[in-house]
Amino acid sequence: MALNWTGRMVHEAVSFVVFSSLDLLDFVLCFFYKLLDFLIEAEWKPCYCTSTKDGKILLSERGESRIVSLASAKLELEEVSDTLFSRPSLVSEVSKLTAVAEVVSFTVNSAAVVEMLQGKIGGGGGDRIRHAPRWSDCDCRFCTSWSSSGTEDLFVRVQGPKDHNRAREDVLFIHGFISSSSFWTETLFPNFSSKLKSTHRMFAVDLLGFGRSPKPIDSLYTVREHLETIERSVLAPHKVRSFHIVAHSLGCILALALAVRHPDAVKSITLLAPPYFPVPEGVPATQYVMRKLAPRRVWPTIAFGASMACWYEHISRTICLLICKQHRIWEFLAKLVTRNRLPTFLLEGFFCHTHNAAWHTLHNIICGTGGKLDGYLDDVRDRLRCHVNVFHGRDDELIPVECSFDVQRRVPRARVKVVDGKDHITIVVGRQRAFARELEQIWRRASSSLS
């Protein structure tokens, strides 16, 4: 017991030092990027960590503007998570009396957000602003293929009968954070039975901001934007009237929200590692979820990575600059070192996104829905008749297994399967053949019970 206590104390001390240093580094990078943006793009780019005293922001949506107040560190705006603006640093929590704590505190009311949010969520800005990548984003043909297509529909991979009249069932696959449709098409699609391929249309999308889909720089990547692009890119053009949903990680949130929007159309919901953290009563939901997902700890490694991505706007932009913009070099080196043992589709999903897309999607989808997921699950329980199945890897260090059992507590008919020896990725990758068979059984059972 003494050894465990000592280990925890050492871990806490190391985490404090590391993240206090990162707080200061992000503060410095804020000014560094403002200078670079001005030199390269000839204008100062606002960010979420610029403070002010008035506590108000202006939101322009579809030509209509309104003033939104920031009160008690909570943003009074339904679709935008207050974690974009309010991220108290470890230093400010431990010692609010020091000048350093005041400097590096991320608990801010952002006046610069006035400029940042103007023209977003469908507002003005023009095609040039919407389509031209920032200097720190990758401008290769793969990442910018959407900008010359003349459409802002998602990239969709389809398998199955081309004629919707010949398809008996439709299935929508939604990937997780910093991933792509290849997570499904390179694993599950080749392993479905020939009979199922002849009767089921399967749609795997690259979510807005990821893979080959559009990456507009004036988007806030809210739940509504993600859902509307899925409806516009899949459901409407392919005349999908009823469908099964399979979703992984962050995609589970979008799957639940989509099911609530189309309660009579959903036949089954299959969730893999859903990031559902029940929020205690009286606790700010967005902040609670952010701390559960990104606990500002150096161990395990995946928690450290999540904390870097979630807490630091400018450090995460630097990571995207060094990794995503240079992804062709990293892909070559990875293949050289692993001798092609590392699946290329995992690299594609990890590298091909923009910082703007990742930053807003992480905060507005996972953190921003912290207070809404209970409602989504209650609707699934009370309004939907569909089957609900949940899979989770027992060794998942990013999303704990308890999240899936919490889903089951909210939706008692949900079936939970915990797979030993599998983690957040290998819940699919490495067991794709077995999982494909399990999905086929789920869809047969769901269709027969609803017929």
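Me: Why is Arg224 called buried?

Reply: In this predicted model, Arg224 has a relative accessible area of 14%. Buried means under 20%, so Arg224 is called buried.

Me: Why does Glu228 count as partly exposed?

Reply: The relative accessibility of Glu228 is 26%. Partly exposed covers the values between the cut-offs of 20% and 50%, and Glu228 therefore counts as partly exposed.

Me: What makes Glu228 and Arg224 a salt bridge?

Reply: The closest N and O atoms of Glu228 and Arg224 are 3.6 Å apart. A salt bridge requires the nitrogen to be within 4 Å of the carboxyl oxygen, so the pair forms a salt bridge. Both residues lie in helix H8, 4 residues apart, about one turn of the helix.

Me: What makes helix H8 mostly covered?

Reply: Helix H8 comprises residues 223-235, and 11 of its 13 residues are buried. Among them are Val223, Arg224, Leu227, Ile230 and Leu235. H8 lies across S6, S7, strand S8 (200-205) and S9, and it runs at about 140° to S7.

Me: How do you know that both faces of S7 are covered?

Reply: On one side of S7, Glu169, Val171 and Phe173 are buried; on the other side, Asp170, Leu172 and Ile174 are buried. In a regular strand the side chains alternate between the two faces of the sheet. For S7, the count of buried residues is 6 of 6.

Me: What makes S7 a partner of S8, and what makes S7 a partner of S9?

Reply: Two strands pair if there are at least two bridges between them. S7 and S8 pair in the parallel sense over 6 bridges, with Glu169 opposite His200 in S8. S7 and S9 run parallel and are joined by 4 bridges, with Ile174 opposite Ala247 in S9. Each of these counts satisfies the requirement of at least two bridges.

Me: Why are strand S6 and strand S12 called edge strands?

Reply: The strands belong to an open sheet of 7 strands in the order S6-S8-S7-S9-S10-S11-S12, with mixed pairing. Strand S6 (156-159) and strand S12 (415-419) each pair on one side only. Neighbouring strands of this sheet are turned by 15° against each other on average, direction ignored.

Me: How do you know that strand S9 pairs with strand S10?

Reply: Strand S9 (residues 243-248) and strand S10 (residues 266-272) run parallel and are joined by 6 bridges; pairing requires at least two. One of the residues involved is His248, whose bridge partner in S10 is Leu272.

Me: What makes Phe173 and Phe189 an edge-to-face pair?

Reply: The ring centres of Phe173 and Phe189 are 5.3 Å apart, and the angle between the planes is 65°. Rings pair if their centres lie within 6.5 Å, and planes over 60 degrees apart count as edge-to-face; the pair therefore meets both conditions. Phe173 lies in strand S7 (residues 169-174) and Phe189 in the loop between helix H6 (182-185) and helix H7 (194-199), so the pair links distant parts of the chain, 16 residues apart. Both Phe173 and Phe189 are buried.

Me: Why is the pair of Phe183 and Trp184 edge-to-face?

Reply: The ring centres of Phe183 and Trp184 are 5.1 Å apart and the planes stand at 85°, so the pair is edge-to-face. Both residues are buried. Phe183 and Trp184 also belong to a cluster in which ring pairs link Phe173, Phe183, Trp184, Phe189, Phe192 and Trp443.

Me: What makes Glu12 and Arg297 a salt bridge?

Reply: The closest N and O atoms of Glu12 and Arg297 are 3.2 Å apart, and the cut-off is 4 Å. Glu12 lies in helix H1 (residues 2-41) and Arg297 in the loop between helix H10 (285-293) and helix H11 (301-311), so the pair ties together parts that are 285 residues apart in sequence. Glu12, at 36% relative accessibility, counts as partly exposed, as does Arg297 at 23%.

Me: Why is Asp382 called exposed, while Arg381 is called partly exposed?

Reply: Asp382 has 54% relative accessibility. Exposed means over 50%, so Asp382 counts as exposed. Arg381, with a relative accessible area of 32%, is partly exposed. The two residues form a salt bridge whose closest N and O atoms are 2.8 Å apart.

Terms used
Residues are numbered from 1 along each chain as its sequence is written. This is a predicted model: local features need pLDDT of at least 70, side-chain atom pairs count only at pLDDT 80 or more; totals for chains, interfaces and linings use all residues. Side-chain values use heavy atoms; hydrogens and water are left out. Buried means under 20% relative accessible area, exposed over 50%, partly exposed in between (1.4 Å probe, protein chains only). Rings of Phe, Tyr and Trp (its six-membered ring) pair if their centres lie within 6.5 Å; planes under 30 degrees apart count as stacked, over 60 as edge-to-face and the rest as tilted. A salt bridge is a side-chain nitrogen of Lys or Arg within 4 Å of a carboxyl oxygen of Asp or Glu. Axes are lines fitted to C-alpha atoms, for helices over the stretch in contact, and angles run from 0 to 180 degrees between N-to-C directions. Contact means heavy atoms within 4.5 Å.
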